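Here are my notes on the model you sent over. I've kept them short, so have it open while you read.

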Amino acid sequence: MTRACALCKKPAIKEGNKFWPLCSERCHLVDLGMWLGEEYRVPGEPDPNLAAASPPTREDDET
Ligand SMILES: [Zn+2]
């Protein structure tokens, strides 16, 4: 059985896929990160740790 991944919408195979309804571990981790982000986010309270953990990286298509 194949279904669109709940995250990236690519075809995800259900059989033997412990990350179902996501297609892969990658999407599973992204999904998990989104959930954790919701958990730890405190509205109205800036998080300096979060800012420090996100160094300015540019990955534009300039190559
Ligand atoms: Zn996916």
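Which loop does Asn-17 lie in? I'll start there and work outwards; bear in mind throughout that this is a predicted model.

1. **The loop with Asn-17.** Asn-17 sits in the stretch that links strand E2 (11–13) to helix H1 (25–40). Its relative accessibility is 15%, so Asn-17 counts as buried, the cut-off being under 20%. If you set aside the neighbours within four places in sequence, Asn-17 is in contact with Leu-22 and Cys-23. Keep Cys-23 in mind, as its SG is one of the atoms that coordinate the zinc ion.

2. **The zinc site.** Four cysteines hold the metal here: Cys-5, Cys-8, Cys-23 and Cys-27 each coordinate the zinc ion through SG, at 2.3 to 2.4 Å. Along the chain, these donors are spaced as C-x2-C-x14-C-x3-C. What arrangement do the 4 donor atoms make around the zinc ion? It is tetrahedral, because the angles they subtend run from 105 to 114 degrees.

3. **Two of the ligands, seen from outside.** Are Cys-5 and Cys-8 buried or partly exposed? Cys-5 has a relative accessibility of 1%, so it goes down as buried. Cys-8 comes out at 25%, and therefore counts as partly exposed.

4. **Overall layout.** The protein chain has 2 helices and 2 strands. Walking along the sequence, you meet them in the pattern β-β-α-α. Of the contacts in the protein chain with a separation of 6 or more, 5% are between residues 24 or more positions apart.

5. **Burial and surface.** How much of the protein chain is made up of buried residues? The figure is 10% of the 63 residues, and Asn-17 and Cys-5 both count as buried. As for the outside, the protein chain has an accessible surface of about 5,700 Å², with carbon and sulfur atoms supplying 56% of that.

6. **A leucine patch.** Have a look at Leu-29, Leu-32 and Leu-36, which form a nonpolar patch on the surface. Together they offer about 250 Å² of accessible area. Leu-32 is part of helix H1, the helix that spans 25–40. With a relative accessibility of 40%, Leu-32 falls short of the over-50% needed for exposed, so it is classed as partly exposed.

Conventions
Residues numbered from 1 in each chain as written. Predicted model: local features only at pLDDT ≥ 70, side-chain atom pairs only at ≥ 80, totals over all residues. Heavy atoms only, no water. Donors = N, O, S within 2.8 Å, 3.2 Å for Na, K, Ca; no water. Tetrahedral: all angles 85-135°; square planar, octahedral: opposite > 155°, others 65-115°. Buried < 20%, exposed > 50% of the residue type's maximum accessible area, 1.4 Å probe, protein only. Helix = DSSP H or I, 4+ residues; strand = E, 2+ residues; numbered from the N terminus. Contact = heavy atoms within 4.5 Å. Areas by Shrake-Rupley, 256 points an atom, 1.4 Å probe, with all protein chains shown as cover. Patch = residues over 30% accessible without salt bridge, like charges linked within 9 Å, V, L, I, M, F, W, Y side chains within 5 Å. Salt bridge = Lys/Arg side-chain N within 4 Å of Asp/Glu carboxyl O.
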